[in-house]
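The following exercises are to be worked with the sequence and the model at hand. Each task is followed by a solution in steps.

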Amino acid sequence: KNTVIFSQGDRSDAVFYLMKGSVKAAITSSGGKEAIVNVFTDKQFFGCNGLMNNSAPRTYSAVALTSTSIVRVEAAAMLRLLLSREKLLRSFIESVTTCNDVLIDNLASNLLFPAGQRLARVLLQLARLQDVNRTSYLPGLSQQDLGEMIGASRQHVNSELQRLRKFGDIEYSSGLRNLRVLASLSKRAQR
């Protein structure tokens, strides 16, 4: 946990496959302000910008949020694998497309919705609620991390989490370690 996999500005010479765990993608401004732009979970590729131009600098830092199992593949080897294994190519394209969809959705949310609704949408994204009848636990994020994801203060996130708990959309005790997103939250995220 909290292990830096690569840092913003590092040379992009490899692609990573997250077998197990969760990793945050964070961008830090020159003033030191951090924004979490994505969270990767089991069976996702990340750090893919080095695949076509391995001299380009990394645009974000990747930091483990939980205990992880990660495979690092040099860019040239990854290209050879993708060209020779159709199943891997399909999985890679699906992972990159999903990441792109999440980034577009997050940008739209930040431009169109108030902080409470952005928080609901991010919680749903993180929980990967595809079936509205399922409940899911989140990767290890703090209220500060959630605030960095939605452009709000930790205090604002705290009050929104309390409101969501009061309405029965989430359950948690002792911090966010046991935060559970319930299916009813999906309706709140759409309003």
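**Exercise 1. The setting of Val37**

Val37 is partly exposed, with a relative accessible area of 26%. The model under study is a predicted one.

Task: Explain why Val37 is classed as partly exposed, and describe where the residue is placed and what it is in contact with.

Solution.
- Step 1. The class "buried" requires a relative accessible area under 20%, and "exposed" one over 50%. The value for Val37 is 26%, and therefore the residue is partly exposed.
- Step 2. In the secondary structure, Val37 belongs to strand β4, which covers residues 34-40.
- Step 3. When neighbours within four places in sequence are left aside, the contacts of Val37 are Ala25, Ile27, Leu103 and Asn106.
- Step 4. A further pairing to examine is Val37 with Ile150: these residues lie 113 residues apart along the chain, and their C-alpha atoms are separated by 9.0 Å.

**Exercise 2. The largest cavity**

Task: Determine which residues line the largest cavity, which elements give two or more residues to its lining, and how the lining divides by class.

Solution.
- Step 1. Two cavities of 30 Å³ or more are found in the structure; the volume of the largest is about 60 Å³.
- Step 2. Its lining consists of Asp105, Asn106, Ser109, Asn110, Arg118, Arg121, Val122, Gln125, Met149 and Ile150.
- Step 3. Two or more lining residues come from each of α2 (86-112), α3 (115-127) and α4 (143-150).
- Step 4. Sorted by class, the lining comprises three nonpolar, four polar and three charged residues.
- Step 5. Two residues of Exercise 1 recur here: Asn106, a contact of Val37, and Ile150 are both part of the lining.

**Exercise 3. An open sheet and its helices**

Task: Establish in what order the three strands of the open sheet are arranged, and which helix packs on the sheet.

Solution.
- Step 1. Strands of a sheet pair through backbone hydrogen bonds, in either a parallel or an antiparallel manner.
- Step 2. Here the order is β5-β2-β7, with antiparallel pairing. Strands β5 (44-46) and β7 (69-74) are the edges, each pairing on one side only.
- Step 3. From one strand to the next, the twist averages 25°.
- Step 4. Six bridges join β2 (residues 14-20) to β7 in the antiparallel sense; Val15 is found opposite Val73 of β7.
- Step 5. Helix α1 (residues 75-84) packs on the sheet and touches β2, β5 and β7, its direction making about 90° with that of β7.
- Step 6. Helix α2 lies across β2 and β5 and runs at about 70° to β5.

Terms used:
Residues are numbered from 1 along each chain as its sequence is written. This is a predicted model: local features need pLDDT of at least 70, side-chain atom pairs count only at pLDDT 80 or more; totals for chains, interfaces and linings use all residues. Side-chain values use heavy atoms; hydrogens and water are left out. On a 1 Å grid over the protein atoms alone, a cavity is a set of points where a 1.4 Å probe fits but cannot get out, and a pocket is an open set with protein on both sides within 12 Å along at least five of seven lines; lining residues have an atom within 4 Å of a point. Grid points are joined across faces, edges and corners, and a volume is the space filled by probe spheres set on the points. Helices (H or I, at least four residues) and strands (E, at least two) are DSSP runs, numbered from the N terminus. Ala, Val, Leu, Ile, Met, Phe, Trp, Tyr, Cys and Pro count as nonpolar, Asp, Glu, Lys and Arg as charged, and the others, Gly among them, as polar. Buried means under 20% relative accessible area, exposed over 50%, partly exposed in between (1.4 Å probe, protein chains only). Contact means heavy atoms within 4.5 Å. Two strands pair if DSSP finds at least two bridges between them. Axes are lines fitted to C-alpha atoms, for helices over the stretch in contact, and angles run from 0 to 180 degrees between N-to-C directions.
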